[in-house]
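Thanks for making room for this in the meeting. I would like to walk through one model, going from the record to the sheet, then to the helices, and finally to a few individual side chains.

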Amino acid sequence: MANVVLNVEGMSCGHCVSSVEKAVSNLGASATVDLASKTVAVDYDDSKVSVGTIKEAIEEQGYDVVQ
């Protein structure tokens, strides 16, 4: 397992947390969103999914990955 912490702009509520966590979960990874620090910590299998794919999934929900 690998992990990465992404800086994500535009998250502000529980719905934001749910939609980001669900999008990452659909890739077979797990995410922990911290609204206060505007970060998403992701644990993933780097043989199955890339950081680029994770970023795209988050951005498709309407948020900006700035890292």
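Which feature does UniProt place at residues 2-66? The UniProt record, an unreviewed entry, puts the feature "domain: HMA" there, and I should add that UniProt positions are given in the numbering used here, that feature names are shortened, and that annotations may be inferred rather than shown by experiment. What we are looking at is a predicted model, in which local features need pLDDT of at least 70 and side-chain atom pairs count only at pLDDT 80 or more, while totals for chains, interfaces and linings use all residues. Residues are numbered from 1 along each chain as its sequence is written, and side-chain values use heavy atoms, with hydrogens and water left out.

For residues 2-66, the end C-alpha atoms lie 20 Å apart, and the span is 34% helix and 32% strand, where helices (H or I, at least four residues) and strands (E, at least two) are DSSP runs numbered from the N terminus.

Let me turn to the sheet. Four strands form an open sheet in the order β2-β3-β1-β4, with antiparallel pairing, and two strands are said to pair if DSSP finds at least two bridges between them. The edge strands are β2 and β4 (64-65), each of which pairs on one side only. Going across the sheet, β2 and β3 are joined by five bridges, one position being Ala31 opposite Val42; β1 and β3 are joined by six bridges, with Ala41 in β3 as the bridge partner of Val5 and with Asn7 standing opposite Thr39; and β1 and β4 are joined by two bridges, where Val8 stands opposite Val65.

How do the side chains of β1 divide between the two faces? Ala2, Val4, Leu6 and Val8 point to one face and are buried, whereas Asn3, Val5, Asn7 and Glu9 point to the other and are not; buried here means under 20% relative accessible area, exposed means over 50%, and partly exposed is what lies in between (1.4 Å probe, protein chains only). In a regular strand the side chains alternate between the two faces of the sheet. In β2, likewise, we find a covered face made of Ala31 and Val33, and an uncovered one made of Ser30, Thr32 and Asp34.

Now the helices. Helix α1 has 12 residues and reaches 16 Å from its first C-alpha to its last, close to the 16 Å expected, the expected span being 1.5 Å times one less than the number of residues. α1 packs on the sheet, touching β2 and β3, and its direction makes about 160° with that of β2; contact means heavy atoms within 4.5 Å, and axes are lines fitted to C-alpha atoms, for helices over the stretch in contact, with angles running from 0 to 180 degrees between N-to-C directions. α2, for its part, lies across β1, β3 and β4 and runs at about 30° to β1.

The buried residues of α1 are Cys16, Val17, Ser19, Val20, Ala23 and Val24, and what covers them includes β2 (30-34), β3 (39-44) and α2 (51-60). Why does Ser19 count as buried? Ser19 counts as buried because its relative accessible area is 13%. Leaving aside residues up to four places away in sequence, Ser19 touches Gln61 and Tyr63.

That leaves the hairpin formed by β2 and β3, which has four residues between the strands, and in whose turn Lys38 has a positive phi of about 55°. Lys38 also takes part in a salt bridge, its side chain meeting that of Glu9 at 3.6 Å, N to O, and this links distant parts of the chain, with Lys38 in the loop between β2 and β3 and Glu9 in strand β1, 29 residues apart. The count comes to one salt bridge when the rule is a side-chain nitrogen of Lys or Arg within 4 Å of a carboxyl oxygen of Asp or Glu. Both partners are partly exposed, Lys38 with a relative accessible area of 37% and Glu9 with 34%.

Leu35 is in that loop as well, and is partly exposed at 30%. Setting aside residues up to four places away in sequence, Leu35 touches Met11, Ser12, Cys13 and Val17.
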